[in-house]
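User: Hi, I'm new to this one and would like a quick tour. Can you put it up on the screen so we can talk it through?

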Amino acid sequence: GYSWLPEVQSTAWFQTNYIPRHYFKFKTLAEPLLLFSRPEGVKVQPDPIPSAEIQPLVIDFNRQITLTGYHLNQPLSSGNLLNLTLFWQAEAPIAVDFTIFVQLVDQDNNIVAQKDNKPQNGFYGTTHWQPGEQIVDPHIFLVPATVPAGQYDLLLGFYETETGLRLQILDEAGIFKSDHVRLSDLEIRD
């Protein structure tokens with residue numbers, strides 16, 4: 001890629017503290033321009049999604065995190081990308097660096113596609129979130145070409161990487177409801 005100050009970018013210090021974040025292609029440059037940032041703790045602001053396209057939710061993850069909504073590209077089809085954007089709000093300081101799981105399941109709850117990742121593709125873990133902060137969190141993965149057309153659900157939630165323990169979802173009274181959210185009746189077309 002295109003290098004700006006290659007003598008700095010080639011140092012061990014730079015390579016330890018910064019990673020390529022985004023590539024820009026310009027007609028006037030032979031190589032793409034790279035944008036670097038620190039590997040984590042840097043909040044990303046993706047392109048805004050019109051509020052009319054966001055499906056509102058209020059899902060309480062153990063009084064620490066609220067899922068306030070989501071956006072999913074429609075229609076979905078086999079062999080193409082599933083593009084899910086989750087909207088989170090931190091409710092309290094979070095001591096655990098949770099991983100988010102997103103599973104596409106068939107009507108028998110068999111997982112046909114899955115992506116597990118730290119929020120914002122690993123750049124902004126939950127330990128960096130501040131109470132009241134809103135986080136826009138994109139998740140993109142391929143729906144395998146072998147997935148037949150039909151009705152599917154998305155399951156999503158948080159878990160501790162070291163133990164696999166999932167963060168609980170509570171009802172209004174603070175009583176355990178589930179360890180995942182189910183977004184139902186997604187249609188996958190041929």
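User: Let's start with Asp97. Is it buried, exposed or partly exposed?
Analyst: Asp97 is partly exposed, at a relative accessible area of 27%. Buried means under 20% relative accessible area, exposed means over 50%, and partly exposed is in between, using a 1.4 Å probe and protein chains only. One thing up front: this is a predicted model, where local features need pLDDT of at least 70, side-chain atom pairs count only at pLDDT 80 or more, and totals for chains, interfaces and linings use all residues. Residues are numbered from 1 along each chain as its sequence is written, and side-chain values use heavy atoms, with hydrogens and water left out.

User: Okay, which side chain does Asp97 meet in a salt bridge?
Analyst: That's Lys118, at 3.6 Å from N to O. A salt bridge here is a side-chain nitrogen of Lys or Arg within 4 Å of a carboxyl oxygen of Asp or Glu.

User: Where do the two sit in the chain?
Analyst: Asp97 is in the loop between β6 and β7 (98-105), while Lys118 is in the loop between β8 and β9, so the pair links distant parts of the chain, 21 residues apart. The strands are DSSP runs (E, at least two residues), numbered from the N terminus; helices would be H or I runs of at least four.

User: How many salt bridges does that rule give?
Analyst: The count is 5. Among them, Asp153 pairs with Arg182, with the closest N and O atoms 2.7 Å apart. Asp153 lies in strand β10 (residues 150-160) and Arg182 in strand β13 (residues 181-189), so this pair ties together parts 29 residues apart in sequence.

User: And is Asp153 buried or exposed?
Analyst: Buried, with a relative accessible area of 8%. Arg182 is partly exposed at 35%.

User: New topic: what about strand β4?
Analyst: Strand β4 covers residues 65-72 and is mostly covered, with 7 of its 8 residues buried. Strand β3 (residues 55-61) runs antiparallel to β4, joined by 5 bridges; two strands pair if DSSP finds at least two bridges between them. β4 also pairs with strand β6 (residues 81-90) in the antiparallel sense, over 7 bridges.

User: Which residue stands opposite Tyr70?
Analyst: Leu86 in β6. Also, Ile59 stands opposite Leu67 in β4.

User: Last one: what does the side chain of Gln120 reach?
Analyst: The backbone oxygen of Val136, at 2.7 Å. Gln120 lies in the loop between β8 (111-117) and β9 (134-142), and Gln120 is buried, at 3% relative accessible area.

Definitions and conventions: A polar contact is a pair of N or O atoms within 3.5 Å; within protein, one must be able to donate a hydrogen and the other to accept it, and residues adjacent in sequence count only if both atoms are side-chain atoms.
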